[in-house]
Amino acid sequence: MIGFDPNYMLYVFLPTMLLSLGVQLYLRSAYSKWSKVRNSTNLTGAQVGEALFTRTDLIDIPMQVVPGNMTDHFDPRANVVRLSQGTATQPSVASMAIAAHELGHVQQYQTGSALIKARNFLVPAVQFSPMVSYIAILAGLLLNITGLLWVGIAFFGLMVIFTILTLPVEFDASRRAMNMLGEAGLMQSDEDRRGAKTVLRAAALTYVAAAITSILQLLYYISLANRRR
């Protein structure tokens, strides 16, 4: 029902599809270029991680290698950094930047970042809010119950807030990554700096695109509810 609404197609689906496609192309282009350029220290992503644990005030935690490219992440529940095969084994500028970014998240948790605490406060809510939101919105539309529709919108709003809070968390992790690379003496050339910034900026734009998408969807749902008053 919602999917065939011309307003949805014009103001939500098409803009967000084009935005996501553009960001993904930019990310793939940046990663493809800088994954072929060796960093000045000739260290793989895994070795960069080990160097950052040794040369900064980070508390050492395990690092694991997982299959794929750009599957890198820090798992705070298991307290482990997981690096993709490409990142862990390649001595590229992209690998250095990505590994440092994940350790930027580690530093956020170890230093008790207020940004992480704010986002984590919403984690329990966003674990069930998607299901509640979509069920309530669909039921409100089908049954023509505006109050139920607004309940769904409220739960969807929690997801939007979480997505927005993710932005400063990711930008801060990248800032920390660049600072730690400099502190550890691993950022030794202008090419290192330029490439690392490009890769981190491209990755951050995926979160910007996700936030814009969620905001446009929220505004669309609100417009649906207002039309039923």
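Which helix lies across β2 and β3, and at about what angle does it run to β2? Keep that in mind while going through the points below.

1. First, the basics. This is a predicted model. The protein has 7 helices and 3 strands, and along the sequence they come in the pattern α-α-β-β-β-α-α-α-α-α. In other words, two helices, then the three strands, then five more helices.

2. Now the opening question. The helix is α4, residues 93-110: it lies across β2 and β3 and runs at about 30° to β2.

3. The sheet itself is worth a look. Its 3 strands make an open sheet with mixed pairing, and the order is β1-β3-β2. At the edges sit β1 (63-66) and β2 (73-75), each of which pairs on one side only. Neighbouring strands are turned against each other by 30° on average, if you ignore direction.

4. Next, zoom in on one pair of strands. β1 and β3 (residues 80-84) run parallel and are joined by 4 bridges. If you want a place to start on screen, find Q64, which stands opposite R82 in β3.

5. Another helix to pick out is α2, residues 45-55. Helix α2 lies across β1 and β3, at about 165° to β1. Its buried residues are G45, V48, G49, A51, L52 and F53. And what covers them? The cover includes strands β1 and β3, along with helices α3 (85-89), α4 and α6 (146-183). So to speak, α4 turns up twice in this note: as part of the cover over the buried residues of α2, and as the helix lying across β2 and β3.

6. Stepping back to the whole protein, the C-alpha atoms fill a box of roughly 65 × 35 × 25 Å along the principal axes. Of the 229 residues, 47% count as buried. Taking contacts between residues at least 6 apart in sequence, 73% join residues that are at least 24 apart.

7. Last, the surface and the charges. About 11,500 Å² of the protein is exposed, and carbon and sulfur atoms supply 64% of that area. On the charge side, there are 18 positive and 13 negative side chains, with the centres of the two sets 8 Å apart.

Key. Residues are numbered from 1 along each chain as its sequence is written. This is a predicted model: local features need pLDDT of at least 70, side-chain atom pairs count only at pLDDT 80 or more; totals for chains, interfaces and linings use all residues. Side-chain values use heavy atoms; hydrogens and water are left out. Two strands pair if DSSP finds at least two bridges between them. Axes are lines fitted to C-alpha atoms, for helices over the stretch in contact, and angles run from 0 to 180 degrees between N-to-C directions. Contact means heavy atoms within 4.5 Å. Buried means under 20% relative accessible area, exposed over 50%, partly exposed in between (1.4 Å probe, protein chains only). Accessible areas come from the Shrake-Rupley method with a 1.4 Å probe; for residues, only the protein chains shown count as cover. Lys and Arg count as positive and Asp and Glu as negative; His and the chain ends are not counted. The place of a charge is taken as NZ of Lys, CZ of Arg, CG of Asp or CD of Glu.
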